[in-house]
Structures are given as C-alpha cells and as structure tokens.
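Please read the following note with the sequence and the structure side by side. The points are numbered so that each may be checked in turn.

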Amino acid sequence: MSKVYLLGAGPGDPELITLKAKRLLESADTVVYDYLANPRFLAWCRPDAEIYYVGKKGGDHTLPQDKINDLLVERAKAGKVVARLKGGDPYVFGRGAEEVEELLEHGIEFEVVPGVTSAVAAPAYAGIPLTHRRFASSVSFITGHEDPTKAESAHDWEALARSTSTLVFFMGVKNLPEISANLIKAGLPGSTPAALVRWGTTCRQRSLISTLAEIAEESQKQGFKPPSLLVVGEVVSLHDKLNWFERRPLLGKGVVVTRSREQASDVVASLESLGACCHEFPTIAVEPMEDAAPIQEAAGRLGEYDWVVFTSVNGVRMFWDVLEGRGLDARAFAGTQVAAIGPATAEGLARRGIRADFVPEKYVAEDIVQGLLVRDVVGKRVLIPRAEQAREVLPEELLRAGAQVEVLPVYRTLPVAKGAQDVTTALENGEIHYITFTSSSTVTNFFAAISPELIQKHRAALKLVCIGPVTERTLQNQGFQGDIQPEDYTIPAMVQAILDHAGQGRHGGAGA
C-alpha cells in the first residue's frame, strides 16, 4: 500500500537520526532526500530503492518545491512507499507542512516522523544550552530568511528584543547585518553575546563567538557561510566552558579509509569519535570462493592437521561460514593447534570459541614463521586458510623449514573503484589530510583508481598512513614514501598514530 513518510534526518550527525526513521528508510521503495540529510543514510536503503536528490543549496535548487511536491505525489500514486528524508525536523522551517498539504489534496496517506532539529543540536554541540536558570527560561526559533513575497517582515523585533528568550535564527547568515541592526534598533544591547554555529554536529562544525553588534563583521572576516545558525543571548557566554565537541583532536581532519566496506566500520567509528571527517573509499571487496568444495573437504578433516594458521579476520570469517555450513563448530579443531597473525584475527577466533595457541609479537608472516619454527613445526602438517592472492612468504618459509604445508584459498579480494570521484573532488578541495592503507591490496587498488599525479599534486598537504612495513613497501613501489606507521600493526595502533601526529601539529611538534 502506498504511503509517504516525512522523516526528520536530524542535524547532520548520522547517529542522531531516530530508530523509527532508520527502519522506514530501510524498507522504502523510493527515497527523496535533501541537501542537509547526511548521504550516509543512503547506505541503509534497499539495493533496488529509487533514489532522488532534491537538495536546495544557497538558492541553487535541484528541484523547486512545487516539483518536489509533484514527485512525492507521482511516486505515491505509482504504488510506492516513499521516504521523504528532510534535514532536521520536517515541521521546523522544513516546509514539511506544505508537502503534507499537497499529499492531502491528492488523497495520499502520510505519516510524519520528527527529527532532532539543528536549532537544539548545533548549539548543544557548541556548548551553548538554549535555556539556563541564570540566563534564559525560554527560547524562540526564528527564520532569518522569510518568504520574499511577503510585503513586510512578520517579526516583531521589539518583542524579540524585550524578551529574555534565547533567540535562534535559521538561515540567517545572508541577512545577518539586517538581523543585528533590527535587534539593536529594537533595544537589544549590542553587547549581547552572539554565536554562529556552522555545520553543527558534523565533523566540519565551527563556532564563532562575538557580540550582536560585531558578529556580522566578524562572520565576513572569518568566511562564515550557510548552513549556519545564529544564537543570541546570555547563554552564549557558556560556550568556552561547556564546548565539548569542538575539542575533539581530529575535528575537521579528512581521512580516507580504504578498507573493504565490511571491515571499515571499526576504523570509521574510531576516527569519527575523535572528530575526523571520514571518506570511505573501499578499494577492495571481499568475496567467498566460487567453488567451496576444497574448503568443505578441509573443514571435514581438521583433525589431520597439526597447525591451522589464520592470516586475517576475513580468512576466519570465510572459513567459518563453510565450517558451519557442514554443521561443524569449534570442536572440529580438537587436537589441532591454531595460530593467528595478530590480535584482531585472534579476537575473530575467540568469538567463535577458539583461543589462539600462538600470536606473534609483530603481526607479519615472517614473525609467524619464526614462532612456528620455535614450536618445532618441522615435519608437521600446516593448513593456511587465506586469500586467493597473497604473499607467499609464509608457505614458502614453512616448506623450506620442513613443514608439510597446504594453502587453502577461502576468499578473494576484488578491486573496487566506486567513490573514486568523491575522493578526487575532496582532494582537489583540500578536504583530505590523511590517507590510510591497511594492506598491500588497498595500496594497489587505490592507485588503480586515483592517479599518482593527483596525489603528488597535493602531496605537501597529505600524510600517507601504512599499517605495517609490507604495506609500506607496496606504497614505495608506487613511488611514495609513507609518513606514518604504527609500532604495532593493528587498526587501533594506526588510529593512535594519526592522533599522535595531529597532536604534534597542534603543539608545533616535529611531525607537523
């Protein structure tokens, strides 16, 4: 049954969308979204969903409002369940009511799902409470961009100036001189604290703290543009004390994450919690082998091996899928010792009931070889479930040492170029500061999609981050030297290395 849902997408931080909005977005046939609705939400949509972008940015309208209304009506009449994703809250200066009125005229069923409005969220992220017992017991939300067809302003400037309310103006940057002048003329002291919050709740957030009399001039000097909120009132004086979000150490730093989409979430979550702007560019995709018969056969005779060596989390996951498909579990490893190349791989095993017997101190194949040699691997049968294409150091060195080695491809990695244009644009706009490489294949596939000349052009502003020496050598083969490499070859250590570098830059250290 067709229906249109007006969903409040929240102010920009993707975690501020409601659970209900997420559920409806995931099930919709058609999604119509705005400029201020985080594009990451589109990853939740069904693969077969129709996606329409109808954003409005600084007077540049992809579709005018009447055409948006027509689109909603047309898709609903075509029998679609439509998710109309609007930034903030649909009914707070979002023209949601106009869209609903149009739906009603055509007899179309609708539902409105409120969202967190930027008027509340952006000041909160900037350390500005809208109400406070000492300063303000009410708040007024005001548009700074009224309907241009109106004969005169609907604002009662004298009432606004007389009130003890906190004043929050939407879309007020363009008319900031007039807003300030009107409030001062109506009696509000020019010394009243005022703030602009741009791109509130996102990694691009910036705040400007000034006074009502000076904020228009200051905003021009500092290049403040839409989307920005204007907050006027004594509560603004709490900004320096309560501002928590803008103290994040990587705030505004653009980081390219090249890991496969299945594995990127932990990197992205860690970096975003520190304020980074993550550009997900999964240069590899992980797929199971087309022929699972060899894996099934090996899974059925694990007891014949002395050691099983896992060299990645993907290897654990893909091998386990086949193992469980045969009705087996961790008990199939009884009597067999298990090695993991690093803590993440060991954790993947532990979640499945296997505690690794050996994890090397350095998380590379060479250290696994040395560790197994110490553990008398000579003459022992060793199974290595791994990627179809991988370094041959481990099997070759174990064979040379006298072990009986069986390499078992359990997955393959494929290059992915989707998102290359977005990364290229961000590079050209100076929005990228770090590019992370978590394996040799991410390096190779990255430079297959992004020209080395482009990286060289912006090299002075970029830091190339390699998770370990093997990845670093692959980067060198592309003609580039890595700038950052953690002592431990793990994702948490890589994130910490980026954090340490950024800290050096803030304090004028040598690594800046």
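1. A definition is needed at the outset: an angle between two axes is taken between their N-to-C directions and runs from 0 to 180 degrees. The model under review is predicted. In it, helix 16 (residues 440-449) lies across strand 13 (254-257) and strand 20, and the helix runs at about 130° to strand 20.

2. Strands 13 and 20 belong to an open sheet of 4 strands, whose order is 14-13-20-21 and whose pairing is parallel. Strand 14 (277-280) and strand 21 (463-466) are the edge strands, each of them pairing on one side only. From one strand to the next, the twist averages 25°.

3. Within this sheet, the student may examine one pairing in detail. Strand 20 (residues 434-437) runs parallel to strand 21 and is joined to it by 4 bridges. Ile 435 has Leu 464, in strand 21, as its bridge partner.

4. Strand 19 deserves separate attention. Strand 19 (residues 404-415) pairs with strand 15 (residues 284-288) in the antiparallel sense, over 5 bridges; here Ala 285 stands opposite Leu 414. With strand 18 (residues 381-387), strand 19 pairs in the parallel sense, over 7 bridges; in this case Pro 385 stands opposite Leu 408.

5. Which residues of helix 13 are buried? In helix 13 (residues 365-374) they are Ala 365, Ile 368, Val 369, Gly 371 and Leu 372. These residues lie on the same side of helix 13 because they cover an arc of only 170° around the axis. Their cover includes strand 16 (307-310), strand 17 (337-340) and helix 14 (393-400). After helix 13 comes Asp 376, with a positive phi near 60°.

6. Two residues in the loop between strand 10 (193-198) and strand 11 (206-211) should be checked for their backbone angles; one of them is Trp 199, and Thr 201 is found there as well. Trp 199 has a positive phi, near 50°, although this residue is not a glycine. For Thr 201, also a residue other than glycine, phi is positive and near 75°.

7. Are Trp 199 and Thr 201 buried or exposed? A residue counts as buried if its relative accessible area is under 20%. Trp 199 is therefore buried, at 13%, and Thr 201 is buried at 3%.

8. Finally, the peptide bond from Pro 226 to Pro 227 is cis, its omega being near 0°. Pro 227 is placed in the loop between helix 7 (215-221) and strand 12 (228-232).

Note on methods. Residues are numbered from 1 along each chain as its sequence is written. This is a predicted model: local features need pLDDT of at least 70, side-chain atom pairs count only at pLDDT 80 or more; totals for chains, interfaces and linings use all residues. Side-chain values use heavy atoms; hydrogens and water are left out. Two strands pair if DSSP finds at least two bridges between them. Contact means heavy atoms within 4.5 Å. Buried means under 20% relative accessible area, exposed over 50%, partly exposed in between (1.4 Å probe, protein chains only). The arc is that of the directions from the helix axis to the C-beta atoms.
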